[in-house]
Amino acid sequence: MPLDIVILGPPGAGKGTQAELISEDAGIPHINTGDMYRAAVAAGTELGARVKPFMDAGELVPDDLTIAVVGERLSQPDTARGFVLEGFPRTLPQAEALDEILAESDRELSVVLHFQLSDEVAEQRLLKRALEQGREDDTPEIIHRGMETMRIPEELGQHYRVKVIPARIHAAPPLQEEL
Ligand code: ADP
């Protein structure tokens with residue numbers, strides 16, 4: 001069975017670090033929509049030109065485009081044994097589209113890891129990172145605004161919460177005790 005993983009959480013939660021560890025450990029690709037978009041912009045592709053205005057404005061790229069990009073990526077043969085998806089889904093329509101994409105090949109998510117982090121800690125970490133990387137334009141105000149755009153919408157968290165994968169727990173005492 002493929003290992004299809006989604007990692008959700010605010011910026012600064014350490015999603016990328018964990019995604020990379022899982023990817024290496026399980027031998028499945030780490031797919032990050034933000035990285036894909038940055039690479040497209042850097043390579044000057046048509047996709048890059050389409051997404052750049054949204055990225056520059058700190059806004060989400062429209063769902064239909066992002067869904068198409070992820071659908072295409074997930075159709076690549078290296079995802080046959082699974083994937084770690086980071087940065088997607090960010091909206092409920094993206095989550096529903098992902099369910100459909102997977103269902104087309106009789107797959108469904110194995111697990112959704114939702115990283116929880118308070119805004120205060122997330123903002124502190126992002127500010128520290130900005131200082132370390134010399135990103136002086138990342139002021140507390142800009143970081144705060146970015147957090148708002150990147151917040152995981154309640155309805156998205158809910159989408160996965162209602163689809164809880166039941167864990168199978170041994171609910172009886174060990175056999176010896178029953179004898
Ligand atoms: P950040 O650099 O703010 O942590 P990312 O690296 O995840 O964010 O993404 C960079 C940009 O790419 C976002 O600001 C957004 O414009 C776009 N993007 C990434 N993932 C998505 C997505 N799932 N839906 C829409 N836009 C996205």
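Trainee: How many cavities of 30 Å³ or more does the count come to?

Mentor: The model is predicted, and by the rule applied to it the count comes to 1 cavity of 30 Å³ or more. That largest cavity has a volume of about 50 Å³.

Trainee: What makes this space a cavity and the other one a pocket?

Mentor: A cavity is a set of points where a 1.4 Å probe fits but cannot get out, whereas a pocket is an open set with protein on both sides. The space of about 50 Å³ is counted as a cavity, and the space of about 1,500 Å³ is counted as a pocket, the largest pocket; therefore the probe cannot get out of the cavity, while the pocket is open.

Trainee: Which residues line the largest cavity?

Mentor: Ile 7, Leu 8, Gly 9, Lys 15, Gly 87, Phe 88, Pro 89, Arg 90 and Ile 152 line it, and by class this lining has 5 nonpolar, 2 polar and 2 charged residues.

Trainee: Why is Gly 87, a residue of that lining, put with the polar residues?

Mentor: Gly 87 is in the lining, and it is classed as polar because the rule names a set of nonpolar residues and a set of charged ones and leaves the others, Gly among them, as polar.

Trainee: How do you know that the ligand sits in the largest pocket?

Mentor: A molecule sits in a pocket if more than half of its atoms lie within 2 Å of the grid points, and the space taken by the ligand is the largest pocket, so the ligand meets that condition.

Trainee: What lines this pocket, and which element gives the most?

Mentor: The largest pocket has a volume of about 1,500 Å³, and of the 44 residues that line it, the closest to its centre are Pro 11, Arg 38, Arg 90, Arg 135 and Met 150. Helix α7 gives the most to this lining, with 7 residues, and the lining divides into 15 nonpolar, 15 polar and 14 charged residues.

Trainee: Why is the pair between Arg 38 and the ligand called a polar contact?

Mentor: A polar side-chain atom of Arg 38 lies 2.7 Å from an oxygen atom of the ligand, and because the limit for a pair of N or O atoms is 3.5 Å, this pair qualifies. A nitrogen atom of the ligand is likewise 2.7 Å from an N or O atom in the side chain of Thr 33, and the side chain of Arg 90 has such an atom 2.7 Å from a ligand nitrogen. The protein covers 82% of the 540 Å² of accessible area that the ligand has on its own.

Note on methods:
Residues numbered from 1 in each chain as written. Predicted model: local features only at pLDDT ≥ 70, side-chain atom pairs only at ≥ 80, totals over all residues. Heavy atoms only, no water. Polar contact = N/O pair within 3.5 Å; in protein donor to acceptor, adjacent residues only side chain to side chain. Areas by Shrake-Rupley, 256 points an atom, 1.4 Å probe, with all protein chains shown as cover. 1 Å grid on protein atoms, 1.4 Å probe; cavity = no way out; pocket = protein on both sides within 12 Å on 5 of 7 lines; lining within 4 Å. Points joined across faces, edges and corners; volume = space filled by probe spheres on them. Helix = DSSP H or I, 4+ residues; strand = E, 2+ residues; numbered from the N terminus.
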